[in-house]
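Reader: Before I plan anything at the bench, I would like a close look at a single part of this protein. Please take me through the internal space and what surrounds it, and then on to the parts of the fold that you can describe in similar detail.

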Amino acid sequence: MEILIISGLSGGGKSKAASFLEDIGYYIVDNLPTEMMIKFADFCAASRGRYDRVVLVYDVRAGEPFEKLIHALERMKASGVNCRMLFLEADTQTIINRYKETRRVHPLSSEGLSIEQAIRKERELLQPVRDHADFVINSSSFSTAKLRSELLDLFGDETSVQGMHVNVFSFGFKHGIPMEADLVFDVRFLPNPYYVEGLKEKTGLDKEVQDFVFGFQQTHDFMAHLEKLLEFLLPLYAEEGKTMLVIAIGCTGGHHRSVSVARRLAEFVTRAGYSVTENHRDISR
């Protein structure tokens, strides 16, 4: 079992970090009081693998001495729990800019402090926590993609190394282009099995239809170009921080050509090492 505590300055990037870690399989708990952390660790240990990777987000909003957090961290480590702490920070001007962009209120501003004074006080309060952190990330110059990449390097495993899920699905243009698609490819130029005796009532999930669609050289040429394009694009999308990529393959009705090509494409993306979902939106229409 692994427990990762995320702490750090308000505006340092804790929420984004938690979201990215959730995408790669961590269970997120926000602002759990320290007296409950050890009990929660015991609960996770007894969950039979359901909560093997947990993130506990903890910051100044807890309103309790941070020595309690350090004590809880040391107790969990002493009990054999793989417990580590990530501390996120940024320079003062970056944090001020982030608060201006979001129009949020700094949690210490209620004490009558200016935002600059609040940041300075929070930095002082959290210094002991920072000193005990296993990892410290200064996100001042980080883009969203850079932060995500850094977290994947630190906490990703063999199942999340690519860090992006790909949804490949087929559709029929006569039913409309899917709004959620990131990439749309039109395969209506391919010979249509609909007009072949014995294939009209079948779909691209049937071997007979697949054999027909891939019985033409232009289909193989198209797949070669498409696979080459995706070999180039997929790593760049992942590097940019995209967690879900939707690739839509369309033909006229969404029964034959698009289904056959989508299935073959899903197999290719799987071989490339990405997590893949295959769907056929209009196959039963």
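Author: The model is predicted, and what follows should be read with that in mind. I begin with the lining of the largest cavity, to which α1 (14-23) and α7 (144-155) each supply at least two residues. Of the contributing elements, α7 gives the most, with three residues. The residues that line this cavity are F20, L21, I24, R148, L151 and L152, and by class they comprise five nonpolar residues, no polar ones and one charged residue. The space enclosed in the largest cavity is about 30 Å³, and a search of the whole structure finds one cavity of 30 Å³ or more. As background, rolling a probe the size of a water molecule over the atoms shows where empty space is left.

From the cavity I turn to strand β1, which spans residues 2-8 and is mostly covered, seven of its seven residues being buried. In a regular strand the side chains alternate between the two faces of the sheet. In β1, E2, L4, I6 and G8 point one way, while I3, I5 and S7 point the other way, and all of these residues are buried. The strand has parallel partners: five bridges join β1 to β3 (residues 53-57), and seven bridges join β1 to β4 (residues 82-89). E2 takes part in both pairings, since its bridge partner in β3 is R53, and in β4 its bridge partner is N82.

The last part to consider is helix α10, made up of residues 257-271, which has 15 residues and reaches 22 Å from its first C-alpha to its last, close to the 21 Å expected at 1.5 Å a residue. Its buried residues are R257, S258, V259, S260, V261, A262, L265, A266, F268 and V269. An α-helix has 3.6 residues a turn, so residues three or four places apart point the same way. Among the elements that cover the buried residues of α10 are the strands β6 (165-172), β8 (244-251) and β9 (275-280), together with the helices α8 (207-213) and α9 (217-239). Just after α10, the backbone at G273 takes a positive phi of about 100°.

Note on methods:
Residues numbered from 1 in each chain as written. Predicted model: local features only at pLDDT ≥ 70, side-chain atom pairs only at ≥ 80, totals over all residues. Heavy atoms only, no water. 1 Å grid on protein atoms, 1.4 Å probe; cavity = no way out; pocket = protein on both sides within 12 Å on 5 of 7 lines; lining within 4 Å. Points joined across faces, edges and corners; volume = space filled by probe spheres on them. Helix = DSSP H or I, 4+ residues; strand = E, 2+ residues; numbered from the N terminus. Nonpolar A, V, L, I, M, F, W, Y, C, P; charged D, E, K, R; others polar. Buried < 20%, exposed > 50% of the residue type's maximum accessible area, 1.4 Å probe, protein only. Pairing = 2+ DSSP bridges. Expected span 1.5 Å × (residues − 1). Contact = heavy atoms within 4.5 Å.
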